[in-house]
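User: I'm new to reading protein models and would like a close look at one part of this one. Could you pick out a strand, walk me through what surrounds it, and then show me the odd spots in the backbone around there?

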Amino acid sequence: MGWLRVGRPLIISIITIFVVLKCAPGIADQVRIGTTYSRRQCEYLGIDWKKTYIAILDTGFDIIRLGAYWDEIEKKKGEYDFSRLDWEINEARRKNIPVILAVGMKAPRWPEYYIPEWVIEKTHPAYGANLAKNVYLKEKTLDFIEKVVTRYGGEPIVQYWQVENEPLNRIGSYKWYIGRSFLKQEVEFVRKLDGKGRPIILTVATYPNRFLRFFEELSTPQDPVKECLELCDIIGINIYPTFGYKFLWFNIYFNTTPGGREKYFSKLLKRIRNKRKKVWITELQAEPWEPGHLVYKEKDPPPTGMPETMEESFREFRDMGVDTVLLWGAEYWRFRAVRYGDTEWERTVRNLLGRPR
């Protein structure tokens, strides 16, 4: 029985270490945490876009998503300026943070579509149009995609391509969408250009609020989840538990409950996994969405965006088995810190990452 006298303390020590690791925030959670960065959002917020990006990278994320903004890169037809995107990718490489690069006419952040003026002037797409029906727009979009994928195809830090952003959802001030036929063509084109088998991500908007879900299903001509599942390697779902909308003089808030979210997303995740596709959360709300505000800049914390709400949502989806979550709002956290000295958002995110300071 001598082994028992020696073994019991050892066993207790092992159990203690396991419990500590299991309970520590950001450790042994087996979730990769990332974010999205947009220079355009920094300009809306009035903060330095380079300093903000460096601060975001220094937070210690596992992955970062960047957008190739067409209207910035090709302001004039056939003239390309990749200097800003080059700098962003170089910095990510320097920090060894893998990049998801979104390509196409649509990219993360408002105004959703980044089509250059010289293309708009020639095409004049109507309100609610399927942009896939415009021959000239399709041709120029593929030209742009070719330039981007060719330029960064040899860059090892770019590890995923995202083709368009919520392409099948009617989102944006003009309620445009990109039809499945052209989206399929884009995906196949990126695969052909890449040649290295990088995974293709397609993203969809989700609607945990019943009222919004009803109207989305009425207005969307196809099932975005079904169509994207047939084309992508990874499907990214974008999630906003609470947001506001201004109707005339009224502020309306669309809320959800933990139980309602669990029921809706459990069903959605099961549907995706039954198709044997990976599912990521490419946008998990971690900033306000206030009625009548493109970007919320006021000092008072708003009801649609609080650090503790984000943390609760993160833990919900971690418990559902999602292994990659991109928190949406990194520019806002920096804005709060720079403008108001409020570092609560950044502190909460660092705790989730297991890097408190």
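Analyst: Here is a walk around strand S4, followed by some loops, a helix and a pair of cysteines.

One thing to keep in mind is that this is a predicted model. The protein averages a pLDDT of 91, and 91% of the residues score at least 70. Over residues 1–28, though, the pLDDT is below 50, and beyond near neighbours in sequence that stretch has 14 contacts in the model.

Now to S4 itself, which covers residues 158–163. Is this strand mostly covered or mostly open? It's mostly covered, with 5 of its 6 residues buried. Strand S3, residues 99–103, runs parallel to S4, and 5 bridges hold the pairing. If you want a spot to find on screen, look for Val-103, which stands opposite Val-163 in S4. S4 also pairs with strand S5, residues 200–205; these two run parallel as well, with 2 bridges between them. Here the spot to look for is Trp-161, standing opposite Ile-200 in S5. As you follow S4 along, remember that in a regular strand the side chains alternate between the two faces of the sheet.

How does the chain get from S4 to S5? Helix H8, residues 180–194, joins in: S4, H8 and S5 make a right-handed β-α-β unit. In the loop between S4 and H8 you'll meet Lys-175. Its phi is positive, about 55°, although Lys-175 is not a glycine. That's worth a second look because most residues other than glycine have a negative phi. Lys-175 counts as partly exposed because its relative accessibility is 33%.

The loop between S3 and helix H6 (117–123) has its own quirks. Arg-109 sits in that loop, and it has a positive phi of about 90° despite not being a glycine. Arg-109 is buried, though, since its relative accessible area is 6%. Pro-111 is found in that loop too. The peptide bond leading from Trp-110 to Pro-111 is cis, with omega near 15°. For comparison, most peptide bonds are trans.

Next, step back along the chain to helix H5, residues 83–95. You can check its length yourself: at 1.5 Å a residue, its 13 residues should span 18 Å, and the end C-alpha atoms are 19 Å apart, so the two agree. The buried residues of H5 are Leu-85, Asp-86, Trp-87, Glu-88, Ile-89, Glu-91 and Ala-92. Take Asp-86 from that list: leaving out residues up to four places away in sequence, it touches Arg-151 and Tyr-152. Asp-86 and Ala-55 are 31 residues apart in sequence, and their C-alpha atoms are 18 Å apart in space. Just after H5 comes Asn-96, with a positive phi near 60°.

Last, the cysteines. How many disulfides does the structure hold? It holds 0. Cys-228 is in no disulfide, and the nearest cysteine sulfur, in Cys-232, is 6.2 Å away. That is too far for a bond, so the sulfur of Cys-232 isn't bonded to the one in Cys-228. Cys-228 counts as buried because its relative accessible area is 0%, and Cys-232 is buried too, at 2%.

Note on methods. Residues are numbered from 1 along each chain as its sequence is written. This is a predicted model: local features need pLDDT of at least 70, side-chain atom pairs count only at pLDDT 80 or more; totals for chains, interfaces and linings use all residues. Side-chain values use heavy atoms; hydrogens and water are left out. Buried means under 20% relative accessible area, exposed over 50%, partly exposed in between (1.4 Å probe, protein chains only). Helices (H or I, at least four residues) and strands (E, at least two) are DSSP runs, numbered from the N terminus. Two strands pair if DSSP finds at least two bridges between them. A crossover is right-handed if, with the strands pointing away from the viewer, the path from the first strand over the helix to the second runs clockwise. The expected span of a helix is 1.5 Å times one less than its number of residues. pLDDT is the predictor's confidence in each residue, from 0 to 100. Contact means heavy atoms within 4.5 Å. A disulfide is a pair of cysteine sulfur atoms within 2.5 Å.
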